[in-house]
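Me: Please take a close look at one part of this model for me, the metal site and whatever packs around it. I'd like the numbers along with the cut-offs behind them.

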Amino acid sequence: MKMKIDMITRINVVKTEEVAFEDVETCLVVPAYQKEFPLSSAVLTEEDELVLQALADKEVITGKAKTSYYLPAPSRGYKGVLVLGLGKRDELGAETVRRAAGDAVSKFGAHRVRHVYLDVSGFAEMPVEAFVEGVNLGQYVFDAYKKAEVDEQPTLVSEITVIIADDVDAESVGASCQVAALLSLAANGARHFANTAANDMTPSTLATAAEEIAHTADSQCVCTVLDHEKMAALGMNALLGVARGGEEPPKLIILDYRHPDAKRTVALTGKGVTFDSGGISLKPSAKMHEMKFDMCGAAAVLATMMAVTHIKPAINVIGVVPAVTNMPDGRAQTPGDIVRAYNGKTIEVKNTDAEGRLILADAMAYTVEKYKPDCIVDIATLTGAVVIALGQCAAAILGTDDDAIEQLIKTGERTGERLWRLPLWEDYEKMMEGTHADLCNIGPDREAGTITAAAFLKQFVGDTPWVHLDIAGTAYGLKNVSYLKSKYASGFGVRLFTRWLMELAQEGK
Ligand code: BES
Ligand code: ZN
Ligand code: ZN
């Protein structure tokens with residue numbers, strides 16, 4: 001299975017006097033701030049402006065965030081107008097626009113809109129790229145296993161024309177929209193992988209996808225896949241212990257992207273448990289099917305690598321994915337087993353369901369030793385505790401690289417991938433000491449479960465500055481984000497990582 005950037009939305013940027021409406025299902029989108037009428041649009045006909053103003057007078061249209069109004073206009077160049085509520089002017093942020101676009105998607109679908117004209121000629125401050133992202137993420141459907149009924153195929157927006165004022169630089173608006181289109185479609189690639197059923201999404205599937213990313217022409221990227229034998233020879237017993245109960249061969253997947261002008265090397269490691277049954281410490285059955293999403297970290301890393309190979313920022317990026325299934329069979333790892341990890345530390349596996357940290361331990365210890373990155377970041381659906389702490393509103397961020405943590409939090413505020421830092425005091429590390437081994441894979445009780453998991457991971461990165469993201473609450477099932485359907489994975493991390501790497505490259509750090 002190939003991870004691909006599917007169907008790039010065509011983006012055009014035009015000045016107001018250049019607008020010519022195409023003769024297909026078009027929709028003119030006019031943004032509106034709360035209680036700021038008349039509407040500001042250079043291309044709206046006078047008749048429609050009057051109708052919309054009358055509706056605003058009656059407070060049918062308010063400009064409030066999360067409201068949009070569609071007015072059919074069959075006899076105009078455009079076939080309908082959508083008033084896009086942005087809320088209060090001084091509260092406008094990229095996420096407001098992204099969510100407004102997500103809301104608008106259902107109206108575009110209902111009215112079979114193919115070409116959107118977004119008139120921001122009176123809204124120079126609007127982050128247009130967030131609109132592009134909201135449309136692309138909002139339009140994503142996962143129907144790979146459904147019978148294809150031709151007449152049921154949804155109409156999708158395939159072209160966005162941004163209408164700008166004369167004094168705005170069309171090239172820079174166009175470039176930032178192109179990046180947004182690419183990143184949101186890469187995020188959809190990650191979502192697609194995560195949504196795919198675990199019987200089709202195995203460690204081998206992830207390995208093949210990584211190879212295909214590297215084999216794309218001019219990728220500047222090399223893929224290496226370590227199999228069971230190689231990992232055994234290297235002493236990766238923490239990872240292999242998890243894989244023992246499953247029939248699927250485990251893989252350690254490495255994508256090595258190099259740029260000739262790079263000043264820094266960043267490693268990204270993503271948890272790739274393609275199914276987490278809990279192993280012998282079996283999970284309850286009610287929500288076990290959701291554990292196909294336990295490879296969302298891996299999907300985020302692969303999709304980021306795919307975006308990076310397209311955008312080519314001047315930074316070296318190593319994408320690392322330890323991929324296994326966590327299953328209970330006669331040969332499975334049992335509670336109380338002791339394994340020696342790649343870095344020589346011994347681990348008492350008191351709970352086989354705390355498997356993510358075991359596979360990340362070997363993957364990260366190997367990565368810091370072999371690739372010597374300036375910073376290593378891991379992303380994982382690691383603990384149920386993070387869902388209790390932060391719900392679906394933010395992922396937890398912890399680690400030792402304060403600068404990277406600060407930058408990632410800032411970037412996440414812009415991309416709508418919120419991060420909240422938790423502390424990592426030494427006391428937590430003490431809680432992870434083993435009874436009979438150097439370390440135990442669980443804490444003494446359920447307290448601070450997200451932090452103790454991170455404290456465990458810290459034992460495997462040596463002195464390398466490190467950042468850990470726990471995305472168990474944000475990787476799938478998000479209920480209140482208009483541009484993400486709750487039955488799907490969210491693609492959390494892809495836009496965040498890629499934009500952060502682009503910023504680092506630009507700073508020349
Ligand atoms: N994959 C789970 C974490 C998870 C929970 C992801 C809910 C998504 C939603 C992880 O492997 C796990 O089972 N962690 C245990 C650790 C515990 C045994 C210390 C948990 O959080 O319960
Ligand atoms: Zn688990
Ligand atoms: Zn897991």
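Reply: Start with helix α9, which is mostly covered, with 14 of its 16 residues buried. "Buried" is under 20% relative accessible area, "exposed" is over 50%, and "partly exposed" is in between, using a 1.4 Å probe and protein chains only. Helices are DSSP runs of H or I with at least four residues, strands are runs of E with at least two, and both are numbered from the N terminus. Before going further: this is a predicted model, where local features need pLDDT of at least 70 and side-chain atom pairs count only at pLDDT 80 or more, while totals for chains, interfaces and linings use all residues. Residues are numbered from 1 along each chain as its sequence is written, chains are lettered from A and ligands numbered from 1 in the order in which they are written, and side-chain values use heavy atoms, leaving out hydrogens and water.

Back to α9: from first C-alpha to last, its 16 residues reach 22 Å, close to the expected 22 Å; that expected span is 1.5 Å times one less than the number of residues. Just after α9, Lys 372 has a positive phi of about 45°.

Now the metals. The zinc ion (ligand 3) takes its protein donors from Lys 271 (NZ), Asp 276 (OD), Asp 294 (OD) and Glu 355 (OE), at 2.0 to 2.4 Å. A donor here is an N, O or S atom within 2.8 Å of the metal (3.2 Å for Na, K and Ca), and with water not among the atoms, sites may look incomplete. The site of ligand 3 is octahedral, with 6 donor atoms and angles of 76 to 175°. The rule for that label: six donors are octahedral, and four are square planar, if opposite donors are over 155 degrees apart and all others between 65 and 115; four are tetrahedral if all angles lie between 85 and 135 degrees; anything else is irregular. For reference, ideal angles are 90 or 180 degrees for six octahedral donors and 109.5 degrees for four tetrahedral ones.

Along the sequence, the ligand 3 donor residues follow the spacing K-x4-D-x17-D-x60-E. Asp 294 and Glu 355 link distant parts of the chain, 61 residues apart: Asp 294 is in the loop between β10 (272–276) and α8 (296–311), and Glu 355 is in the loop between β13 (346–349) and α9 (356–371). Both Asp 294 and Glu 355 are buried.

The zinc ion (ligand 2) has its protein donors in Asp 276 (OD), Asp 353 (O), Asp 353 (OD) and Glu 355 (OE), lying 2.0 to 2.2 Å away. Its 6 donor atoms subtend angles of 70 to 166°, so the arrangement is irregular. Spacing in sequence is D-x76-D-x1-E. The two zinc ions, ligand 2 and ligand 3, sit 3.2 Å apart, with Asp 276 coordinating both. Because Asp 276 lies in strand β10 and Glu 355 in the loop between β13 and α9, that pair ties together parts 79 residues apart in sequence. Asp 276 counts as buried because its relative accessibility is 2%, and Glu 355 is buried with a relative accessible area of 1%.

Then there is ligand 1. It has 16 residues around it, and Lys 283, Asp 294, Asp 353, Glu 355 and Gly 384 come nearest; a residue is near if one of its heavy atoms lies within 4 Å. Asp 294 and Glu 355 therefore turn up here as well as among the donors of ligand 3. As for polar contacts (pairs of N or O atoms within 3.5 Å; within protein, one must be able to donate a hydrogen and the other to accept it, and residues adjacent in sequence count only if both atoms are side-chain atoms), a polar backbone atom of Gly 384 is 2.7 Å from an oxygen atom of ligand 1. A nitrogen atom of ligand 1 lies 3.4 Å from a backbone N or O atom of Thr 381, and Leu 382 likewise has a backbone N or O atom 3.4 Å from a nitrogen atom of ligand 1. The protein covers 77% of the 520 Å² of accessible area that ligand 1 has on its own; these areas come from the Shrake-Rupley method with a 1.4 Å probe, and for residues, only the protein chains shown count as cover.
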